Protein chains: 4
Amino acid sequence: MSSTATADRVGVWLIGARGSVATTAVAGCAAMAAGLHPPTGMATETPAFAGAGLPALSALVFGGHDVVECPLPKRAEQLAAGGVLPHDLPLAVRAELLAADAEIRPGGPHPGDTRTDEDLITAFTSDLLDFLRRRGLTRAVVVNVASTEPAPASAPSDAAGPLPPGAGSGPAREPGESAEPPAPGEPPVPGEPSVPGEPGEPGRGAASGAEAGAGGRLPASSLYAAAALRAGCSYVNFTPSTGLHHPALARLAASGGLPHAGRDGKTGQTLLRSVLGPMFAHRALVVRAWSGTNLLGGGDGAALADPRAAAAKNAGKERVLADTLGAVPEGEVHIDDVPALGDWKTAWDHIAFEGFLGTRMTLQTTWQGCDSALAAPLVLDLARLLSRAHERGLTGPRPELAFYFKDPDPGAPSGLADQYAALVAFAARLRERGE
Amino acid sequence: MSSTATADRVGVWLIGARGSVATTAVAGCAAMAAGLHPPTGMATETPAFAGAGLPALSALVFGGHDVVECPLPKRAEQLAAGGVLPHDLPLAVRAELLAADAEIRPGGPHPGDTRTDEDLITAFTSDLLDFLRRRGLTRAVVVNVASTEPAPASAPSDAAGPLPPGAGSGPAREPGESAEPPAPGEPPVPGEPSVPGEPGEPGRGAASGAEAGAGGRLPASSLYAAAALRAGCSYVNFTPSTGLHHPALARLAASGGLPHAGRDGKTGQTLLRSVLGPMFAHRALVVRAWSGTNLLGGGDGAALADPRAAAAKNAGKERVLADTLGAVPEGEVHIDDVPALGDWKTAWDHIAFEGFLGTRMTLQTTWQGCDSALAAPLVLDLARLLSRAHERGLTGPRPELAFYFKDPDPGAPSGLADQYAALVAFAARLRERGE
Amino acid sequence: MSSTATADRVGVWLIGARGSVATTAVAGCAAMAAGLHPPTGMATETPAFAGAGLPALSALVFGGHDVVECPLPKRAEQLAAGGVLPHDLPLAVRAELLAADAEIRPGGPHPGDTRTDEDLITAFTSDLLDFLRRRGLTRAVVVNVASTEPAPASAPSDAAGPLPPGAGSGPAREPGESAEPPAPGEPPVPGEPSVPGEPGEPGRGAASGAEAGAGGRLPASSLYAAAALRAGCSYVNFTPSTGLHHPALARLAASGGLPHAGRDGKTGQTLLRSVLGPMFAHRALVVRAWSGTNLLGGGDGAALADPRAAAAKNAGKERVLADTLGAVPEGEVHIDDVPALGDWKTAWDHIAFEGFLGTRMTLQTTWQGCDSALAAPLVLDLARLLSRAHERGLTGPRPELAFYFKDPDPGAPSGLADQYAALVAFAARLRERGE
Amino acid sequence: MSSTATADRVGVWLIGARGSVATTAVAGCAAMAAGLHPPTGMATETPAFAGAGLPALSALVFGGHDVVECPLPKRAEQLAAGGVLPHDLPLAVRAELLAADAEIRPGGPHPGDTRTDEDLITAFTSDLLDFLRRRGLTRAVVVNVASTEPAPASAPSDAAGPLPPGAGSGPAREPGESAEPPAPGEPPVPGEPSVPGEPGEPGRGAASGAEAGAGGRLPASSLYAAAALRAGCSYVNFTPSTGLHHPALARLAASGGLPHAGRDGKTGQTLLRSVLGPMFAHRALVVRAWSGTNLLGGGDGAALADPRAAAAKNAGKERVLADTLGAVPEGEVHIDDVPALGDWKTAWDHIAFEGFLGTRMTLQTTWQGCDSALAAPLVLDLARLLSRAHERGLTGPRPELAFYFKDPDPGAPSGLADQYAALVAFAARLRERGE
């Protein structure tokens, strides 16, 4: 089912390349390509995506940025010890882990880093271009799977969540159609990636003084996002961090002629909410309160112990309820760091709803999953889909990929079933006119 | 929103008219019509159904059959004591309860009843025609909300469930299109219901010896269904009982020129399954086992303590999984009679699934609801929709109403979101060409 | 079983007398005394307490302080509407509710109140003495069931929780034996309550400038507690508020010659923890993390939305784990205000533990209860037990009543089963030598 | 803490020696003896048991009977693959697994076995005596950890459960005191085990025609139990199978002069019930219904798919409720075979209870554990305790070990806390007078 029309190799550049999600994606892709495991969890390997021209799993070449140095084979062993990866997998795909490890470059900024935003974007862009050239890649997708950043301190304290100023409007958030490059239908020449936002070009620099403003540095996630576009790569933000959603990047995103998608992968509790919310709405049941508690260890638990990072995460969860129920019900969402749980997460939801004549009823759900195992196949799906969209000349935000996100691009349906229908329709569109 | 083009009054004839669901529907309809309660739980009162020409709640006239004699006001007080109805409602709608109570006729067969099937169908038909005439009703919908019957003993012991012999095929199960009466496009004349299956007409009697066979009596639910069609009424089977799904009724159903819908209202655990099943399928997650336990008291608990009745109920639950997952996973469903819970039901589901690289995860759900309060608005929705379909000349099985059923008519989508889309499209079709 | 040796009438003076717990206790006591309901939830009505000389339920006379004015019959109707009280109870015990309502006096300090601590203690004491005299009561028990106060701001930020400085030691926290008044064995003369801490007596005033210090006012709960002792009443603190646990009250408590008990009634989640904790400990299973979320509406939910009030509440919950497990595991406790739940509470606990060879396992509990209904019988139990202890001349803190508290008096066992054994032994001690 | 007075080696003979529980016990004992893992889950390694003279873990020598042939190292690898054992343990304790494997003898009867009961008892006895002699063991404990047998078909269909005729009375069920051998105080001579029930001795044979009766064969568990006593070994029945609870074994058990204990290890759901039941009882809360569902795979799931085996298991679960609540509430217990869960078990309990004034509340518990990991340390605890009891000359049933059993020997307390207190007292008794 993963046959492709061409043998082109495609890059997948992971921001946070030594993290649990990235390691699981790299190891799992190798395992599936070698036939060691079936592609469980990957929608793009189901019949609905056959013939859509997606790159084969064996065609994906991994690299990325990270600020830590633990080698991927070591990280894989840690994950296997925690039950996230099959025990024998790190050894079985050691060669592929080492190959990816060799393509990981230092991220930034690190504490005490004196480089300017522009320095960093330039360095990251250069890493990407080098990767494309050395590995002879037709194109690459940059995927942010790094730890969640705190919500920007400068964000207005609106109820809508952690969006930075202006992120909710303007060209960067327009649907794909309005973001077509001047010469639509002219896909980037394979092997010769377009490089928008050349540093020398006045006014186009993602982090030039004029746009980043006196307010200081861009968030790291935005630096990587700017570098992705400059290097002619499509971009996926799998985290709630700012990424492309920064006003300073609006022009770059709009004019870059590249497809991008985000934000915040929908892996567990929010996945559930995106099917339960519509159920209540369609049945005209009134949800009075929706409360949730997440227990998780691992790096994510620690990162989200920062209330501002948790706020960023929770905004996406609330958005799903607001969108599917038509109103935000009572109730809070807690994210607790429980190191004893390791990479496993338990999410409990309690939904108090009213039925006929005001009768009070409840639904409780307990989801026990491994976040890395839930996220990794989505990362691979997204890389394949966005790479193919790039190949087909599609640009701008892709609300058709809302199936994968808590906080999808504008114009997306909110219920999971509708999002799935939109995704399948997108696959058909990718298939059109073949290669 | 419940405005209608005409002031016609429409009958709702409930089989099991003194049961919890029926009592809740009658009391609740009166409460909403009087503006005492908002129409929570009624999809047909949401904007998507505006202008579809559905009869107003205030236009519904209730009657029915039952074998017990407790008056409706008394039943309503019992339900209020159990927290199913608001405490002051029985008094507030006493007049409407008494009016409906006056239209309840004795059901059958009762123990020791010596009447033949044909005698009973004739008696029930006569009750219906009398109701229509005396109350000056344009048309009526017969809705089976009686206790679940045991699955037919003569059913082959197949894994597929409690379907009676032949029910899975043949004309009775054909989609609506093939069930048009000889003179399509000729709706029954309002006020003068067509009476198919006149007893004197050879070979057309639902329970004539030739068709009911030597195997003995028809199930009671089928006697009522036959009477409904003979009296020119549309028919809804809200239970897993046989009803129209009996081979002896196939010709009657096919030639009756009446719309009908079924089977087995989807109120709680199965409602959940119909959104969770597609979620797992769309995400390509492999469900290994889906286990469920239902605790319920009230009449339903006692009725389902009969393993054959439980088997009938469970077949619908399994069908939802089979249809949405593509395979029936491991796991059993238990229905326990727990009188201490009264009319309240607790349903626990445990879903063991596999994700990426075979990682094992689980989802548990606990649904605590009141079955009568969940079922009653669906009964009212169905009565309104089927009455309007009847008015519009639609006939035969209506898979567009799959949203309401565990075991819908053939041709229906299986996920709840798709079923909702089909329902909304059906509402639009009812709207077409106005009145 | 509620027979008593004497017909003496005993006062129960409730701080927060118009709250849900107080209203439920007054209504319930009347209902049981009238034989309308069995004494479910009252340990003191079980055979183990027969013959212990406890006052009969019919002998209890209610009064109290509150800052709100809604009459008790009205409050009872509100509770009945929320399902906390049987629907017909407010009418059935209207006379008793009115009688108690007539004995409720204004509490304080109210916003802008210019009275000094000493003024307030004097006023409260006077209210109590007036109650005893007018109603001809042998003795009275003051029970704090008011909303939880924020943990004192002046408390050292220790991990141990909200104890005020010095509350963990000193005479006020010594076990009963060391708190005997100078003339032990000489119980207060019935009908002539001893009044410790006469305002005129230098250095003995609970809130005299010298002891309350420059730090400002005593917490309201401490003002009431001081008044109780001055009026010669025994005292129960059913909340986590400071009450007698204030250093300024240490001498008064030690020299008062009165029994007292506290703190923080153990009604739901902590009750469970007090049996589950010992289970893990006895089986040598290692609890890695114990996380909890409480959802509750009503007044309690709102009060505990104040993080400092929640901190006071949570300290007791943690203490139970520390005491029974020997160490505080990872995990947090959340208390969410969810108005939609009314007086009903849902508490979810997730316990991650390790078994043989480090195998990781979990236990989850979901407790759905009505806090008022859980608390009220404990309040009545405590009032009866402490009144009898007073009668028997027992004084000082009573760790034998740990069964009822999250944060019992020092010297108490920590597991519920051991606490029950201590309680039954206490009942036997109350019985000794009869009357 | 596991120091012992002597360096004597003690045999542990496991019926079902290749099962999950046995394999886990053997591997875990070796791991703890080697210091590879702390003794989590073993009460006998806590301070309360210090100095009780229990045999050291390193002094235990394993052997047993089984009808299957898969070698222990292989079984351990299977368990490690399923996450029951740490992944590296099978290799680390391979020597010990091989040593135990060499001491496993074929069980019986196998299908088509033509040997009489007496033949089989003789063979099993001979295996045991050979084990004792060859390994130079002072004494041995026989522990039944085989799959649950169906409840005897000949059992009267009483509600009390699966007890065979007469098992509830008679000398075999008398407390230890009445079961002393003719010459009390004369413990079996170490190294020279007494062999009761010599086959040649008329009327003493456990399965002689006169006692086993015309009703046919003894259950296999009873054959092994008879052999244990004949070989002078103490005996533990960790399963709900009949074992010593057969009337034909009553005289042998009474006259054997050996300690024995049972029945049915209390590992998960029933462990919980044994602390929750007393909680409700002590608080005078009325449990209306207690319903449970167990999902488990592995061998146990398959064995308990036999309704008669499940009935045997459930009887113990019900007994705990009856004993602690004083009455058996409504509600059923289901045991589902769910192979997808492997050796992991999920047990859901739903408890509907009434509080003050009849208020209805619920508690739900979900226990997710690994049965083998829960059972193995209890098996080791019991072997050590019973061996020491044997050494100290204690005989007959030991209700002091009720802490470990669903269906303990008569005279035991029913709540877990009381059982723990009895166990600690027993440890003190074992300590008395030293060695």
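Two residues are taken to be in contact if their C-beta atoms, placed from the backbone, lie within 7 Å. With that in hand, the packing in this predicted model can be walked through, starting with the sheet of chain A and the helices on it. Helix α7 of chain A, residues 220–230, lies across four strands of the chain, namely β1 (10–15), β2 (60–66), β4 and β5. Relative to β4(A), helix α7(A) runs at about 170°. A second helix, α12(A) (residues 371–391), also packs on the sheet, and its contacts take in β1, β2, β4, β5 and β6 (259–262) of chain A. The direction of α12(A) makes about 140° with that of β4(A).

The sheet itself is open and has seven strands, ordered β3-β2-β1-β4-β5-β6-β11 in chain A, with parallel pairing. At its edges stand β3 (104–106) and β11 (396–397) of chain A; each has a single partner strand, so one side of each is left without a neighbour in the sheet. Further in, β1(A) pairs in the parallel sense with β2(A) over six bridges, and Val12(A) sits opposite Phe62(A) in β2(A). On to β4(A): β1(A) is joined to this strand by six bridges, again running parallel, with Val10(A) bridged to Arg139(A). Next along, β4(A) (residues 139–144) and β5(A) (residues 234–237) run parallel and share four bridges. Here Asn144(A) faces Asn237(A).

How covered is β1(A)? Six of its six residues are buried. Val10(A), Val12(A) and Leu14(A) point one way from the strand, while Gly11(A), Trp13(A) and Ile15(A) point the other way, and all are buried. For chain A as a whole, buried residues make up 63% of the 435 residues, and the chain has 13 helices and 11 strands. Counting contacts in chain A between residues at least 6 apart in sequence, 81% join residues at least 24 apart.

A look at chain C picks out one residue of its own helix α7 (residues 220–230), Ser221(C). This serine has 25 other C-beta atoms within 10 Å and is therefore buried, the cut-off being 20 or more. Leaving out residues up to four places away in sequence, Ser221(C) touches Asn144(C), Ala146(C), Glu149(C), Ser241(C), Thr242(C) and Gly243(C). By contrast with those contacts, the C-alpha atoms of Ser221(C) and Arg135(C), 86 residues apart along the chain, are separated by 25 Å.

Chain B supplies a few more elements to look at. Four of the five residues of strand β8(B) (residues 333–337) are buried, so the strand is largely enclosed by the rest of the structure. Its pairing with β7(B) (residues 286–296) is parallel and covers five bridges, one detail being that Gly292(B) has Val333(B) as its bridge partner. Helix α11(B), residues 307–325, is also mostly covered, with 15 of its 19 residues buried. From first C-alpha to last, α11(B) reaches 26 Å, close to the 27 Å expected at 1.5 Å a residue. Just after the helix, Gly326(B) takes a positive phi of about 85°.

That leaves the interface between chains B and A, where 49 residues of chain B are in contact with 49 residues of chain A. On the chain B side, the elements giving two or more residues are α1 (20–33), α9 (269–282), β10 (360–370), α12 (371–391) and α13 (416–431). The most comes from β10(B), with 10 residues. By type, the residues on this side of chain B divide into 28 nonpolar, 17 polar and four charged. Strand β10(A) (residues 360–370) pairs with β10(B) in the antiparallel sense over seven bridges, and within that pairing Gln364(A) stands opposite Thr366(B).

How are the two copies related? Chain B superposes on chain A through a rotation of 180° with 0.0 Å of shift along its axis, at an RMSD of 0.0 Å. That is the relation of a two-fold axis. The same surface serves both copies, since 100% of the contact residues of chain B recur in chain A. Of the residues of chain B, Thr365(B) comes closest to the rotation axis, its C-alpha lying at 2.2 Å.

Definitions and conventions. Residues numbered from 1 in each chain as written. Chains lettered and ligands numbered in written order. Predicted model: local features only at pLDDT ≥ 70, side-chain atom pairs only at ≥ 80, totals over all residues. Nonpolar A, V, L, I, M, F, W, Y, C, P; charged D, E, K, R; others polar. Pairing = 2+ DSSP bridges. Least-squares fit on C-alpha atoms with pLDDT ≥ 70 in both. Expected span 1.5 Å × (residues − 1). Buried ≥ 20, exposed ≤ 12 C-beta atoms within 10 Å, placed from the backbone. Axes fitted to C-alpha atoms, helices over the stretch in contact; angles between N-to-C directions.
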